[in-house]
Amino acid sequence: MSNYDYDLFVIGVGSGGTRAARMIASTGARVAAAEQQFLGGTCVNVGCVPKKLMVFASHFAEDFEDAAGFGWDVKPDRFNWDRLIENKNTEISRLNDVYRRLLDNAGVKLYEAPAKILDRHTILVGNETVTTDRIIVATGGWPTMPEIPGIEHAISSNEVFFLPELPKRFVVVGGGFIAVEFAGIMNGLGSQVTQIYRSEKILRGFDEDVRDVLSTEIVRKGVDLRTRTNITAIEKQGETLIATLTDGSTLEADCIMFAIGRHPRTEGIGLEEIGVELARNGSIKVDEYSRTSLDNVWAIGDVTDRIALTPVAIQEAMALYRTEYLDDPTPCDHADVPSAVFSQPPVGSVGLTEDQARELHDTIDIYRSTFTPMKLSLTEREEKTMMKIIVDRVTQKVLGVHMVGPDAGEIIQGIAIAVKMGATKRDFDRTVGIHPTAAEEFVTMREKAA
């Protein structure tokens, strides 16, 4: 036991910080943690959880329409935004308490206050100074906002969860998963949605077929998708926002949300002052074991700008715990991490995109299928599902699997296990499908794409 107040101090009580604090405290270490804003971090409060709840809510409009094809005459009266937000807030508050109890039950001392590192072993937390042997930084990320005239009239994805009313005209700027998801959410809830993106295609970094299919589907659903353009200024006239676009035209809106990316939250923590090396974008540089340039400071989660996903932060926390406290050196494995975009329709992906596979492998085979989901066969909806398998032609190893369609995230989670284990196309082929499901298509595709 050290001569400090604590053996470990964790800054940031999101998914990664909480897991690290709990697991390390279970070894008998004296652990404290500080959180100045949300218990549970971005995911629980202004990310994955409330966003998925709002996706569920927004899809009811289509479900009501589709019910007619199955014999149900459903006439929705109106959508109640206040009730959704109130119920969402109740659930998030419950989860905040869960995180508080998790730390308390593990014996972790929780400070609900900002923390700043004064030196390698001293932290100012609120108005109190404490000492610690080791430090873990898990402060996450924060939405990036552009420096344009009138930006004070716009919101980020943090504020969208607390809007006082559903905007009639909603503009979202960005082409990443957050922008795409909120375009679908607001469109489904009844807003007139315009999505603006400066590049040619949404979802940069995803497979090209995914990008193309999703673009087609979200436009089909009513989103006004405008690529190769951007907002250069915002003016407020009464209750109306006037956005000036790069081509000089203007766009009226009741709410403008920027979702152009997030940056690591490292400012004001004292990292540079004590010699922790940062990258140009402000992220903390770490090795494969999450060690920083100082031997008693580690960093995990979005603040390291590796893969900004909640399960990855948790895995990084577990790898750190095993390495430093169980004498089991465990580098965090960032290969073949599955992901989902809760767009409408949703996206699920694991492994390499087609372009990545072509760069890394001499020859590949592509298997692709596009079809109407069975649930929509009795409706007038034209939505399509796309599934794709990328295979190394020589070894027959499955390199990547991608899907656009209902339940994509749920389906790809299971497929990801096979990909992680090194499954071959033959393994897929000799697996019996579950009929009738969309997922069975992944084990029945036999025809190679041209």
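Student: Let's start with proline 436, in the segment after α11 (425-429). What is the peptide bond from histidine 435 to proline 436, cis or trans?

Tutor: In this predicted model, the bond from histidine 435 to proline 436 is cis, with omega near -5 degrees. There's also a cis bond from glutamine 344 to proline 345, where omega is near 5 degrees. Proline 345 sits in the loop between β18 (339-341) and β19 (347-351).

Student: What is the sign of phi at aspartate 336?

Tutor: Positive: phi is about 55 degrees there, although the residue is not a glycine. You'll find aspartate 336 in the loop between α8 and β18. Aspartate 407 also has a positive phi, near 65 degrees, and isn't a glycine either. That one is in the loop between β22 (398-404) and α10 (408-420).

Student: Why does aspartate 336 count as partly exposed?

Tutor: Its relative accessibility is 28%. Buried needs under 20% and exposed needs over 50%, so 28% lands in between and aspartate 336 is partly exposed.

Student: And why is glutamate 316 called buried?

Tutor: Its relative accessible area is 0%, and the cut-off is under 20%, so buried it is. This glutamate lies in helix α8 (residues 310-325).

Student: What is glutamate 316 in contact with, beyond its neighbours within four places in sequence?

Tutor: Its contacts are Ser290, Ile300, Gly301, Thr304, Arg306, Cys332 and His334. With arginine 306, the side chains are joined at 3.2 Å.

Student: What makes that pairing with arginine 306 a polar contact?

Tutor: The limit for the N or O atoms is 3.5 Å, and 3.2 Å falls within it, so the pair counts as a polar contact.

Student: Over in helix α1, there's threonine 18. How do you know that threonine 18 is buried?

Tutor: Same sort of check: a relative accessible area of 4% is under 20%, therefore threonine 18 counts as buried. Its side chain reaches the backbone oxygen of glycine 14 at 2.7 Å. Setting aside residues up to four places away in sequence, threonine 18 touches Gly12, Val13, Tyr99 and Leu103.

Student: Tyr99 and Leu103 are in α4, right among its buried residues. What covers the buried residues of α4?

Tutor: The cover includes α1 (15-25), α2 (41-46), α3, β3 (109-111) and α5 (177-189).

Student: How do you know that the span of α4 agrees with its 25 residues?

Tutor: Take 1.5 Å a residue: the expected span is 36 Å, and the end C-alpha atoms are 36 Å apart, so the two agree.

Student: What caps the N-terminal end of α4?

Tutor: Asparagine 80 does: one of its side-chain oxygens lies 3.2 Å from the backbone nitrogen of aspartate 82. After α4 comes glycine 107, with a positive phi near 85 degrees.

Student: At what angle do α3 and α4 pack?

Tutor: Helix α3 (residues 48-67) and helix α4 (residues 81-105) pack at about 145 degrees, their axes 10 Å apart. The crossing is right-handed. On the α3 side you have Val49, Pro50, Leu53, Met54 and Ala57, and these meet Trp81, Leu84, Lys88, Glu91, Ile92 and Leu95 in α4.

Student: How do the residues of that contact divide?

Tutor: Into 9 nonpolar, no polar and 2 charged. Lys and Glu count as charged, so Lys88 and Glu91 make up that charged pair.

Note on methods: Residues numbered from 1 in each chain as written. Predicted model: local features only at pLDDT ≥ 70, side-chain atom pairs only at ≥ 80, totals over all residues. Heavy atoms only, no water. Axes fitted to C-alpha atoms, helices over the stretch in contact; angles between N-to-C directions. Helix = DSSP H or I, 4+ residues; strand = E, 2+ residues; numbered from the N terminus. Left-handed = near helix turned anticlockwise from the far one by under 90°. Contact = heavy atoms within 4.5 Å. Expected span 1.5 Å × (residues − 1). Buried < 20%, exposed > 50% of the residue type's maximum accessible area, 1.4 Å probe, protein only. Polar contact = N/O pair within 3.5 Å; in protein donor to acceptor, adjacent residues only side chain to side chain.
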